[in-house]
Amino acid sequence: MSTIIEFFIAADDESAAGAVQDGPGPDADMVTYGNFDALESIEEWESLLTGRDADDVEGPDVLGDDGPLVLVFPSALTGALAGDVSGVAARWVRLRADEGEEIDEELAEEIVAEVAALAGRARATGAGLYCRVF
């Protein structure tokens, strides 16, 4: 089964919740990828960027029940992503491999860089960072 993952910026959780079924919309500031575990990845990024143990991270809040979900990035992770993310992609690839999920390192670099750029724009505008998984 294929999974589509849309990382996007929204003004607030209420606005993001509107994207659960229909997506963030054609004018949204977003990037789209697919086929990796977004929930686990967000938790891993939080651990890697904040230095907290994976068991101690906040992790994303989840909007939606059945079908598509929107994951709310914790504020601390959004801030960390807006900073220096060098080396995160390589460490993330190793963590995913430990879980049996192979991600190409170049693709991982692209994903982390794109999500980091979104985080920077979200922080600059006072918006939040979100991820729709469907």
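The legends below accompany several close-up views of this predicted model.

Residues are numbered from 1 along each chain as its sequence is written, and side-chain values use heavy atoms, with hydrogens and water left out. Because the model is predicted, local features need pLDDT of at least 70 and side-chain atom pairs count only at pLDDT 80 or more, while totals for chains, interfaces and linings use all residues.

**View 1. Strand 5 and its partner strands.** Let us begin with strand 5 (128-133); helices (H or I, at least four residues) and strands (E, at least two) are DSSP runs, numbered from the N terminus. Strand 1 (4-10) runs antiparallel to strand 5, and 6 bridges join the two; strands pair if DSSP finds at least two bridges between them. Phe8 stands opposite Tyr130 in this pairing. Strand 4 (residues 69-72) is also antiparallel to strand 5, through 4 bridges. Here Val72 has Tyr130 as its bridge partner, and Leu69 stands opposite Val133.

**View 2. The two faces of strand 5.** In a regular strand the side chains alternate between the two faces of the sheet. Are the faces of strand 5 covered or open? Both are covered, with Gly128, Tyr130 and Arg132 buried on one side and Leu129, Cys131 and Val133 buried on the other. That makes 6 of its 6 residues buried, where buried means under 20% relative accessible area, exposed over 50% and partly exposed in between (1.4 Å probe, protein chains only).

**View 3. The hairpin of strand 3 and strand 4.** Strand 3 (residues 61-63) and strand 4 run antiparallel and are joined by 3 bridges. Val62 is paired with Leu71 of strand 4. The hairpin has 5 residues between the strands, and Gly64 takes a positive phi near 110°.

**View 4. Glu6 in strand 1.** Is this charged residue, Glu6, buried or exposed? Glu6 counts as buried because its relative accessibility is 11%. Leaving aside neighbours within four places in sequence, Glu6 is in contact (heavy atoms within 4.5 Å) with Gly23, Pro24, Met30, Val31, Thr32, Tyr130, Cys131, Arg132 and Phe134. Glu6 itself lies in strand 1.

**View 5. The nonpolar cores.** A nonpolar core is a set of buried Ala, Val, Leu, Ile, Met, Phe, Trp, Tyr and Cys residues joined through side-chain atoms within 4.5 Å. The largest one has 33 residues, and Phe7, Trp45, Phe73, Leu81, Trp92 and Cys131 have the most contacts inside it. Among the elements that each supply at least two residues of this core are strand 1, strand 2 (30-34), helix 4 (75-81) and strand 5. Helix 6 gives the largest share, 8 residues. A second, separate core has 9 residues, including Phe8, Ala19, Leu63 and Val72. Back in the largest core, which residues does Leu81 contact beyond its neighbours within four places in sequence? They are Leu49, Phe73, Val115, Ala116, Ala119 and Leu129.

**View 6. Helix 5 and what covers it.** In helix 5 (88-98), the buried residues are Val88, Ala89, Ala90, Trp92, Val93 and Arg96. An α-helix has 3.6 residues a turn, so residues three or four places apart point the same way. Helix 3 and helix 6 are among the elements that cover the buried residues of helix 5. Gly100 follows the helix, with a positive phi near 85°.

**View 7. The largest pocket.** This pocket has a volume of about 160 Å³. On a 1 Å grid over the protein atoms alone, a pocket is an open set of points where a 1.4 Å probe fits, with protein on both sides within 12 Å along at least five of seven lines, and lining residues have an atom within 4 Å of a point. Grid points are joined across faces, edges and corners, and the volume is the space filled by probe spheres set on the points. The lining is made of Glu40, Glu43, Glu44, Ala54, Asp55, Leu95, Arg96, Asp98 and Glu99. Helix 3 (38-50) and helix 5 are the elements that give two or more residues to it. By class, there are 2 nonpolar, no polar and 7 charged residues (Asp, Glu, Lys and Arg count as charged; Ala, Val, Leu, Ile, Met, Phe, Trp, Tyr, Cys and Pro as nonpolar; the others, Gly among them, as polar).

**View 8. Ser47 in helix 3.** Ser47 lies in helix 3 and counts as buried, at 15% relative accessibility. Not counting residues up to four places away in sequence, Ser47 touches Arg52, Asp53, Ala54 and Val57.
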